[in-house]
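The following exercises concern chain architecture, an interface and a nonpolar core. Each task is followed by a worked solution.

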Amino acid sequence: MAKSKQYSDLSHTPSFIIRSILGTGFFVVLCTIIAFPVLAGLLASFRPGTELIRRGLAIDLNPTTMSLSNYAYLFGGNEDSKKYFMWYKNSLLITVVSVVLTLFICYFVAYGLTMYDFRLKNLLFTLVIATMMVPFEILMLPMYKEVIALHLIDTYAGVIITGLCSASTIFFFRQYLSGLPKELLSAARIDGANEYYISVRIILPLAKPAFASMGILCAMGSWNAILWPLLVLKGAEKFTLPIGLNTLLTPYGNNYDVLIAGSMFGILPIFILFLLFQRYIIDGMTAGAVKG
Amino acid sequence: MKTKNFLYSQKVAPYVFVLPFILSFVVFWIYPLITAFTMSFQKITPTATDWVGISNYAKLLKDKVFLLAVRNSATYMFFTLVLLIPFPMIFAVLMDSHIVKGKGFWKAILYMPALTSVVISGMLFRLMFTEYKTGQMNLITQALGLGTYKWLKNGWSGMLALLVLACWRWTGVNMLYFLSGLKSIDTALYEAADIDGATPVQKFFYVTLPLLKPTTIYVLTISVYAGLAMFLESYMLWAGNASPNNIGLTIVGYLYRRGIEKNDMGYACAVGVVLLIVALIINFAQLIVNGTFKKED
């Protein structure tokens, strides 16, 4: 007790203030460097696309060269705009569906692996770890052939289905769930609740922070996924946003107006989601320790 | 009623819960994995599939482009481990201390790159590492009086660009992993260390570092994996799978080139199998050194 009192006294000493300025200053510098590319890209999106080629990501706040014309074009209802929002919609659909399915499936798998002692438990958990240790890229070509054989090529199902049992999501849920007291289960069983009721109504609400943090991670992964959708999706009308944007990057095309504005607007949904859920992410990560 | 009781019993419920994993494991892991192995011993053309024994592997060992790809991936992985474990860990310790103000804001900014698609970040970094005078890297070298440089056309500077991009993208994510690890350390241990008169440096090495070990192992494992399997960063930085003299070509880049661009699936699968073996050797060695297999809970 005396020790913590000493701390609070220390917090007003000049040495503490200097350390605080240095510590905070460090993150000011680091974050300025980190934020630079995206901020420069955002500024560039207000200048004509030809400027991007000629002058790169120059930081230029001259208001006379800046305009909303790239965005006006992007939202203008023209061919490019229609294509862009089609990709946008496809990405949204795939992201929402795969996040919801992945979260629930992985939660229940982790629940089974955490809350019970059964014969295959250790083996199965080892297998979960094993799947994490094989890079997806190795399975990519056989899976591609498999998806063709299953007639899932060029479908959203083909994009989504292979990633539903995400090992890292199961791993995270398991870590989170193993921090919860198992007495909750025995107490609920004494009250007559069945196993599935307990998993859905008693433990799941406690795992909400884990859902939030895994949700944002899955959403991010899905929204930004490139490699697998690039293989599975063939028709331009089915493309997701990253793949669509990538097709604008041809050496001959001069689509930098759409590309830069579209890129910046493409970051938006995931960034909004992150800002909304940030508290839950931090809660999810900090709530690992259980209060007895 | 009997089946219901059966399905609802505590003996059966866990199997019901893990069933999706078992299905997904068989269909989207074991099966493709075995297929990858068998395909690597085949010559696959659109019209025929022939068994060719180990000739794909024999060819690989003499394939200079493949060996370059291996070297690029290994170099990249090594430097990402050096850069993306200690620094994010120190940043996390600093962030966790009471001297930093506005933590939420900094965390959000540091996490932002991970939210940005590789397509977009690749484009932004390509512009910053351009050989023209306007690129940020050349602005820096010009300010230092070193003139301009063709960053994406030379081996070491191309690798530098990839590593800068990797650090930019993953520093914040790894820091958040370490932060969550730090939160799980009992503060009583630090109080005890205080009573024993430990300095902050001693506290870091004798309390923080050992107790962060599970987090560190996790970050190490995913970094080995991500480093060896890196492809998209290179693909987007050079706007395609072809970089000058293959300076940005990675193992997966070569797998993609052979399997998808040149439709030589058998050879590409051999590339994948080699990647798998390398990844497994490194990860098992790492886990054995860290003693993960000793303590089963």
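**Exercise 1.** How many residues of chain A are in contact with chain B, and how many residues of chain B are in contact with chain A?

*Solution.* The model is predicted. Begin with the contact count: 66 residues of chain A meet 77 residues of chain B. Next, assign the chain A side to secondary structure: helices contributing two or more residues include H2 (14–44), H5 (79–115) and H15 (256–286) of chain A. Among the contributing elements, H2(A) gives the most, with 12 residues. Finally, sort this side of chain A by class, which yields 43 nonpolar, 17 polar and 6 charged residues.

**Exercise 2.** Describe the largest nonpolar core and the surroundings of one of its residues.

*Solution.* The core comprises 152 residues, of which A:Cys106, A:Val109, A:Ala110, A:Phe173, B:Ile251, B:Val271 and B:Leu275 touch the most other members. By element, H5(A) gives the most to this core, with 14 residues. By domain, at least three residues come from each of domain 1 (2–70) and domain 2 (77–286) of chain A. Now take A:Cys106: leaving aside residues up to four places away in sequence, A:Cys106 touches A:Cys165, A:Ser166, A:Thr169, A:Ile170 and A:Phe173.

**Exercise 3.** Characterise the fold of chain B in terms of secondary structure, extent, burial and contacts.

*Solution.* Chain B contains 15 helices and 2 strands. The C-alpha trace of chain B spans about 80 × 75 × 35 Å along its principal axes. Of the 297 residues of chain B, 43% count as buried. For contacts in chain B with a separation of 6 or more, 66% involve residues 24 or more positions apart.

Technical notes. Residues numbered from 1 in each chain as written. Chains lettered and ligands numbered in written order. Predicted model: local features only at pLDDT ≥ 70, side-chain atom pairs only at ≥ 80, totals over all residues. Helix = DSSP H or I, 4+ residues; strand = E, 2+ residues; numbered from the N terminus. Buried ≥ 20, exposed ≤ 12 C-beta atoms within 10 Å, placed from the backbone. Contact = placed C-beta atoms within 7 Å. Nonpolar A, V, L, I, M, F, W, Y, C, P; charged D, E, K, R; others polar. Core = buried A, V, L, I, M, F, W, Y, C linked by C-beta atoms within 7 Å. Domains from an automatic or database assignment.
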